[in-house]
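Student: I would like to learn how to read sheets, packed helices and chain contacts in a model of several chains. Can we go through one example?

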There are 4 protein chains.
Amino acid sequence: MSRFTPRDPDFEAKIRESVTRQGFAAHLGYELTRIEPGMTEFTCPLRPELMQQHGFAHGGLVSTLADAAAAYAAFSLMPPNSAPLTVEMKINLMAPGQGDALVARGVVLKPGRTLTVCEAKVYATRQLGETLIATALVTMMCMEGRQD
Amino acid sequence: MSRFTPRDPDFEAKIRESVTRQGFAAHLGYELTRIEPGMTEFTCPLRPELMQQHGFAHGGLVSTLADAAAAYAAFSLMPPNSAPLTVEMKINLMAPGQGDALVARGVVLKPGRTLTVCEAKVYATRQLGETLIATALVTMMCMEGRQD
Amino acid sequence: MSRFTPRDPDFEAKIRESVTRQGFAAHLGYELTRIEPGMTEFTCPLRPELMQQHGFAHGGLVSTLADAAAAYAAFSLMPPNSAPLTVEMKINLMAPGQGDALVARGVVLKPGRTLTVCEAKVYATRQLGETLIATALVTMMCMEGRQD
Amino acid sequence: MSRFTPRDPDFEAKIRESVTRQGFAAHLGYELTRIEPGMTEFTCPLRPELMQQHGFAHGGLVSTLADAAAAYAAFSLMPPNSAPLTVEMKINLMAPGQGDALVARGVVLKPGRTLTVCEAKVYATRQLGETLIATALVTMMCMEGRQD
């Protein structure tokens, strides 16, 4: 059970539809795999075109997933007729991204009318479990009066 | 003229070759367009599969280019037989990424034996010039005794 | 019970002694109030000379406490004959610092031989409880072969 | 000559007065030593009570000066009847803070109605010149309709 009450009862449909309009999501192959008020999870199967030169997931992919998970976690608590904007992000890459897929989970730490602070954790998954590979802090802005 | 003296005379060939091994670079379409000791530039033409839901460049793409430009700027000053690793990155997204292409320029602020601090700026370009859209601080680590 | 095993059995005495050598700690009035392997807590009673112009705790004080809590959490897991060094810190200030005292708790997210990633949370306390006012990510470096 | 035009013609007097209300500034001993539209400089003579356990300037002091320089740089461009608030800061500590004094210079990278992004650099000074010891990115918020 989430500790947040969404201000838009249609937050889930709104977010699912928004993700489909992200060309980048389709191109990289990540999908929304969980959603709650103040929390979203994205999963991205790993494949050669997502790798850097050492054969691990590119840091830019890890950042992208952290950004997506944090941004939509914040968006899930925003009122109708508003759009999320990433103000800034900080990420620590703590272990190489190797395995079957990357999973990013974003949660809202502090919601606000204008700014929302989120945390995202990224894990590499394989048969036997998941390994934490990155942690991020993300500041999101709510742009009121405009459709996402 | 760069203010840095590279410790590996083959830094340019080494970096050009390293980029070709990044599946992610080919998949997103970004290329190394300038290189000096302590500085690299990457350029990425914009196209629909790089966009977020508002039709602007995805923040994850902007982060990826900043990471690449900073990482290879640091790598250009590392000794032979070492590989670069991104420890952490912080990026402020300051304007929407729209135009013909994104250009990221990374420079070394402070080189070190183990850690190197870099700055990257990302610009959106169009006919009439370029607009600063993001600024990043990146900490890189030098892993000695291993090939990139 | 901590999930970490300290590599220096004297970590607690070593840290208590290190804090006494920080002129800044005495000048600001913060003290080590809890210590475990991979975790430290610092408490700082609030008084007028720690405030900014609106009468709240200065952001620099909040950053100082987050840095201290993270740094000593990392140091608690470092081997004998090594010293901690703060590489970088990122902090989000989420609520004004007002109340009787500030309490910062730092934990190790990912220990490493060279780099350790920590998280710190800062709370404002008053009679009825504590409020989260800031969250930070901190990268620490272990300098081996030198006394703290 | 600054490239910014201040929206409050009294920005300089306003900032000088604001600094005098910071108990923390007097307690640490830092002073505003330069001000222009979009830029401020603070100087802090070093003394034992500002040091950490190795005899260098405490990282929290460096963060405090970076925060002050960035915050007042942003405030210099804000309209009358508004107050600055630090949203978040990221700082890389690149060299030990030793010498006669620390000098922090903050500049506005991107002013905005709600958010302003600033950069701050901190230097250690001694007779023969100054050494860059830290670089920071800071996000400031403008709270309109309230006095600083």
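**Sheets, helices and contacts**

Tutor: Helix 1 (residues 11–20) of chain C lies across strand 1 and strand 2 (39–45) of chain C, and its direction is at about 165° to strand 1 of chain C. This is a predicted model, in which local features need pLDDT of at least 70 and side-chain atom pairs count only at pLDDT 80 or more, while totals for chains, interfaces and linings use all residues. Residues are numbered from 1 along each chain as its sequence is written, and chains are lettered from A and ligands numbered from 1 in the order in which they are written.

Student: How are the helices and strands defined, and how are the angles taken?

Tutor: Helices (H or I, at least four residues) and strands (E, at least two) are DSSP runs numbered from the N terminus. Axes are lines fitted to C-alpha atoms, for helices over the stretch in contact, and angles run from 0 to 180 degrees between N-to-C directions. Two residues are in contact if their C-beta atoms, placed from the backbone, lie within 7 Å.

Student: Which strands does helix 3 of chain C lie across?

Tutor: Helix 3 of chain C lies across strand 2, strand 3 (82–93), strand 4 (101–110), strand 5 (115–126) and strand 6 (129–144) of chain C, together with strand 3 of chain D. Helix 3 runs at about 40° to strand 4 of chain C.

Student: What is the strand order of the open sheet that chains C and D form?

Tutor: Two strands pair if DSSP finds at least two bridges between them. Here twelve strands form an open sheet in the order 1(C)-2(C)-4(C)-5(C)-6(C)-3(C)-3(D)-6(D)-5(D)-4(D)-2(D)-1(D), and the pairing is antiparallel. At the edges are strand 1 (31–36) of chain C and strand 1 (31–36) of chain D, each pairing on one side only. Direction ignored, neighbouring strands of this sheet are turned by 25° against each other on average. Within chain D, strand 1 and strand 2 (residues 39–45) run antiparallel and are joined by five bridges. D:Ile35 has D:Thr40 in strand 2 of chain D as its bridge partner.

Student: How do I describe two packed helices?

Tutor: Two packed helices are described by the angle between their axes and the distance between the axes. For helix 3 (residues 59–75) of chain C and helix 3 (residues 59–75) of chain D, the axes come within 8 Å and cross at roughly 150°. That makes helix 3 of chain C roughly antiparallel to helix 3 of chain D (angles under 35 degrees count as roughly parallel, over 145 as roughly antiparallel, 65 to 115 as roughly perpendicular and the rest as oblique).

Student: What is the handedness of the crossing, and which residues meet?

Tutor: A crossing is left-handed if the near helix is turned anticlockwise from the far one by less than a right angle, and right-handed if clockwise. Helix 3 of chain C makes a right-handed crossing with helix 3 of chain D. C:Gly59, C:Gly60, C:Ser63, C:Thr64 and C:Asp67 meet D:Gly59, D:Gly60, D:Ser63, D:Thr64 and D:Asp67. By class, this contact has no nonpolar, eight polar and two charged residues (Ala, Val, Leu, Ile, Met, Phe, Trp, Tyr, Cys and Pro count as nonpolar, Asp, Glu, Lys and Arg as charged, and the others, Gly among them, as polar).

Student: What is the strand order of the sheet in chains A and B?

Tutor: Twelve strands make an open sheet with antiparallel pairing, in the order 1(A)-2(A)-4(A)-5(A)-6(A)-3(A)-3(B)-6(B)-5(B)-4(B)-2(B)-1(B). Strand 1 (31–36) of chain A and strand 1 (31–36) of chain B are the edge strands. From one strand to the next, the twist averages 25°. Strand 3 of chain A and strand 3 of chain B run antiparallel, joined by five bridges, and A:Met89 has B:Ile91 as its bridge partner.

Student: How many residues does each chain give to the contact of chain B with chain A?

Tutor: The contact takes 31 residues from chain B and 31 residues from chain A. On the side of chain B that touches chain A, strand 3 of chain B gives the most, with nine residues. That side has eleven nonpolar, 14 polar and six charged residues.

Student: And how many residues do chains D and B each give to their contact?

Tutor: Chain D gives nine residues and chain B gives nine residues. Strand 6 of chain D supplies the largest share of the side of chain D that touches chain B, three residues. The residues of that side divide into four nonpolar, three polar and two charged.

Student: How is chain D related to chain B?

Tutor: Copies are superposed by least squares on the C-alpha atoms of residues with pLDDT of at least 70 in both. A rotation of 180° with 0.0 Å of shift along its axis superposes chain D on chain B, with RMSD 0.0 Å. That is the relation of a two-fold axis. Of the interface residues of chain D, 100% are also interface residues in chain B, so the copies meet through the same surface.
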